[in-house]
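Please look over the sequence and the structure shown here before reading on. The report below takes the annotated span, the nonpolar core and the ligand surroundings in turn.

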Amino acid sequence: MSVRNLLLAAMTLGLVHSAQASEVFEQAKITAGEMLYRVECRRCHAPDTNDPSYGPPLENVIGRGAGTFPDYEYSEALASSGIVWTPAALRAWMEDNTGFLPGTKMRHVGITDRTVQDFILTYLASLSTQASDGTNVD
Ligand code: HEC
């Protein structure tokens, strides 16, 4: 094998390795997010719309209009807020929901650590039943 081919092979292996590493990293973030979600959110929010949930279930919450989960009795404040749950809005909500939207009936949570927010956001994104092309994968 020529030096050039050897170098090419090494580069290819390197790429495969880094692709695997980022997949492992993504999975680790989801797992960490799930653990944090269990501690911070799960007692009020089912991650699956088929399960009983005190607050609105958070499956497919990213990109959803606030206050739109069918048959859930939202506060007036949330129902009429016009918020869309982008990652940035969810960050602000986790950081200080009662400051972000006075009148919400969700008890105050104050998650200010961006890494913790990141993990929870990655987990919430993993609860999507929509493929990136918009088709339903559930
Ligand atoms: C003590 C119970 C409780 C905890 C803990 C809690 N929530 Fe909530 N959450 C609620 C309630 C109740 C509502 C409905 C608020 C309203 O109608 O004003 C809500 C609403 C929401 C909404 C709006 C959903 C929609 O359909 O518009 C999001 C997003 C949300 N919570 C995320 C979270 C996240 C993320 C956590 C954890 C970091 C969390 N909540 C922790 C009770 C809780």
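What follows is a short report on this predicted model.

## The annotated span

According to the UniProt record, an unreviewed entry, residues 28-128 carry the annotation "domain: Cytochrome c". In the model, the C-alpha atoms at the two ends of residues 28-128 are 17 Å apart, and the span is 44% helix and 0% strand.

## The nonpolar core

The largest nonpolar core is made up of nine residues, namely Leu36, Leu58, Leu90, Trp93, Met94, Phe119, Ile120, Tyr123 and Leu124. Two elements give two or more residues to this core, helix H3 (87-100) and helix H4 (114-126), and of the contributing elements H4 gives the most, with four residues.

Met94, which is one of the core residues, can be followed further through its contacts. Leaving aside residues up to four places away in sequence, Met94 touches Val109, Ile111, Gln117 and Ile120, and Ile120 is itself listed among the members of the core.

## Around the ligand

There are 26 residues around the ligand, and of these Cys41, Cys44, Gly55, Ser75 and Met106 come nearest. The elements that give two or more residues to this shell are helix H2 (76-79) and H3, with H3 giving the most, at three residues.

In terms of residue character, the shell around the ligand divides into 17 nonpolar, five polar and four charged residues. Helix H3 therefore deserves a second look when reading the structure, as a contributor to the core and also to the shell around the ligand.

Key: Residues numbered from 1 in each chain as written. Predicted model: local features only at pLDDT ≥ 70, side-chain atom pairs only at ≥ 80, totals over all residues. Core = buried A, V, L, I, M, F, W, Y, C linked by C-beta atoms within 7 Å. Buried ≥ 20, exposed ≤ 12 C-beta atoms within 10 Å, placed from the backbone. Contact = placed C-beta atoms within 7 Å. Near = placed C-beta within 6 Å. Nonpolar A, V, L, I, M, F, W, Y, C, P; charged D, E, K, R; others polar. UniProt positions renumbered as here; feature names shortened; annotations may be inferred.
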